[in-house]
Amino acid sequence: MKLGILGSGKIVKEVLPVLEEIENIEVHAIAARNEEKLQKLSKDFAIKKYYTSVDDLLDDKQIDTVYVALPNNLHFEAMNKAIDKGKNIICEKPFTSNAYETEMIIEKAKQKDVMIIEAISHRFIPNAVEAKKMIKDLGKIKIVSFNYSQYSSRYDNFKEDIIEPVFLLENSGGALIDLNLYNVAFAVDTFGLPKNVKYFANISKDIDTSGIVILDYEDFIVSCIGSKDSAAPIINTIQGENATIEIPGALNNFGEFRLTKTHEDKVSEFNYNQESKSRLYYEFVEIEEILRTHDKNKVHSLLEKTRNYMDVITKARYDANIYYPADKIR
């Protein structure tokens, strides 16, 4: 894979060291607006080329795959252009700003025979994969609670009216599509589409800084808490009549987890992750293999998961009367 990276932000800096560990991935070029950042990243990670224009990178015929790590609101346009250039795509979460954009990209990629995969870590982390298999042992599911509450380093500025992209409607920001997305996506990946979706959001300056998504599955309820304006112990539980799975820490990291049987004192602890491996390692290893082997069945399966959770995220946001400029194309 000859990879072109779109973006130079925090996630790119986390991804680049991981890519150095993975066979068959060569970072051929990177594009962003800040040339100083590009020069440093190119030097630090031996990237052959850099561009200050997305279009210039997409015109590079040596690149067969692009990794889209731009601000949320730019994902749709970048993928749309990449498809026209015949590039396979790895897109950082959130896939797009809304369900309609997601549908448009998936259908266009299918028509153009381009493979697209969303980079969302929990789908590939071994602990997450194995924990899902254990859910059948819990008995009838009664309550599921996921919480990702982390005081944002940008929130103090936000309160002083210095508003950065993560809190801007124009950038498709907010707590739901940033932190709570991991909770909602894991729930929908695991349990399927809910019967009803509600979002109780704390809204300030037109954006949700925290909130609770309630997913109604008729027989049980899933509560998804995401906060950028306050902090709390990050704990996640899947409670069944026979046993409970407890996952300390955020679902996008999915570290060691525990299973406790209802009528026993014994707690079983599990950790299938490789020691010292980044949470991003597993997704890029699998994505590389999927694209190299042209496993279109796997691509289709993963895109269905993306389509489903983006539908739920969009419904939740609309329920709280939060609308992005990108929603005008509805």
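Helices and strands here are DSSP runs, numbered from the N terminus; a helix has at least four residues and a strand at least two. By that count, P94 falls in the loop between strand 5 (88-92) and helix 5. The model is predicted.

## Overall build

The chain has ten helices and 14 strands. Its radius of gyration is 20 Å, close to the 20 Å that the globule rule gives for 330 residues, so the chain is as compact as a globular protein of that length. Along the principal axes, the C-alpha atoms fill a box of roughly 60 × 45 × 40 Å.

Of the 330 residues, 52% are buried. Take the contacts between residues at least 6 apart in sequence: 66% of them join residues at least 24 apart. The chain exposes about 15,100 Å², and carbon and sulfur atoms supply 46% of that area. Charged side chains number 43 positive and 52 negative. The centres of these two sets lie 2 Å apart.

## Aromatic pairs

The count of aromatic pairs comes to 16. One of them is Y67 with F284, an edge-to-face pair at 5.5 Å centre to centre, with 80° between the planes. Y67 lies in strand 4 (residues 65-68) and F284 in helix 9 (residues 281-292), so this pair ties together parts that are 217 residues apart in sequence. Both residues, Y67 and F284, are buried.

A tilted pair is formed by Y148 and Y182, with 6.2 Å between centres and 40° between the planes. Y148 belongs to strand 7 (residues 141-149) and Y182 to helix 8 (residues 175-191), so the pair ties together parts that are 34 residues apart in sequence. Y148 and Y182 are both buried.

There is also an aromatic cluster. Its members are F146, F186, F254, F257, F270 and Y272.

## Two residues in their settings

I106 sits in helix 5 (residues 99-112). Its relative accessible area is 8%; the cut-off for buried is under 20%, so I106 counts as buried. Leaving aside neighbours within four places in sequence, I106 is in contact with F95, L303 and R307. I106 and L303 are 197 residues apart along the chain, yet their C-alpha atoms are separated by 7.5 Å.

P165 is in the loop between helix 7 (155-159) and helix 8. P165 is partly exposed, at 45% relative accessibility. Not counting residues up to four places away in sequence, P165 touches N171 and G173. The C-alpha atoms of P165 and R154 are separated by 9.5 Å, and the two residues are eleven apart along the chain.

## Backbone points to check

Most residues other than glycine have a negative phi, and most peptide bonds are trans. Three sites depart from that pattern.

| Site | Backbone value | Place |
|---|---|---|
| K93 and P94 | cis peptide bond, omega about -10° | P94 in the loop between strand 5 (88-92) and helix 5 |
| K205 | positive phi, about 55° | loop between strand 8 (196-204) and strand 9 (207-216) |
| N321 | positive phi, about 60° | segment after helix 10 (296-319) |

Neither K205 nor N321 is a glycine. K205 is partly exposed, at 36% relative accessibility. N321 is exposed, with a relative accessible area of 56%.

How values were computed: Residues numbered from 1 in each chain as written. Predicted model: local features only at pLDDT ≥ 70, side-chain atom pairs only at ≥ 80, totals over all residues. Heavy atoms only, no water. Rg over C-alpha atoms; globule rule 2.2 N^0.38 Å. Buried < 20%, exposed > 50% of the residue type's maximum accessible area, 1.4 Å probe, protein only. Contact = heavy atoms within 4.5 Å. Areas by Shrake-Rupley, 256 points an atom, 1.4 Å probe, with all protein chains shown as cover. Lys, Arg positive; Asp, Glu negative; His and termini not counted. Charge placed at Lys NZ, Arg CZ, Asp CG, Glu CD. Phe/Tyr/Trp six-rings, centres within 6.5 Å; stacked < 30°, edge-to-face > 60°.
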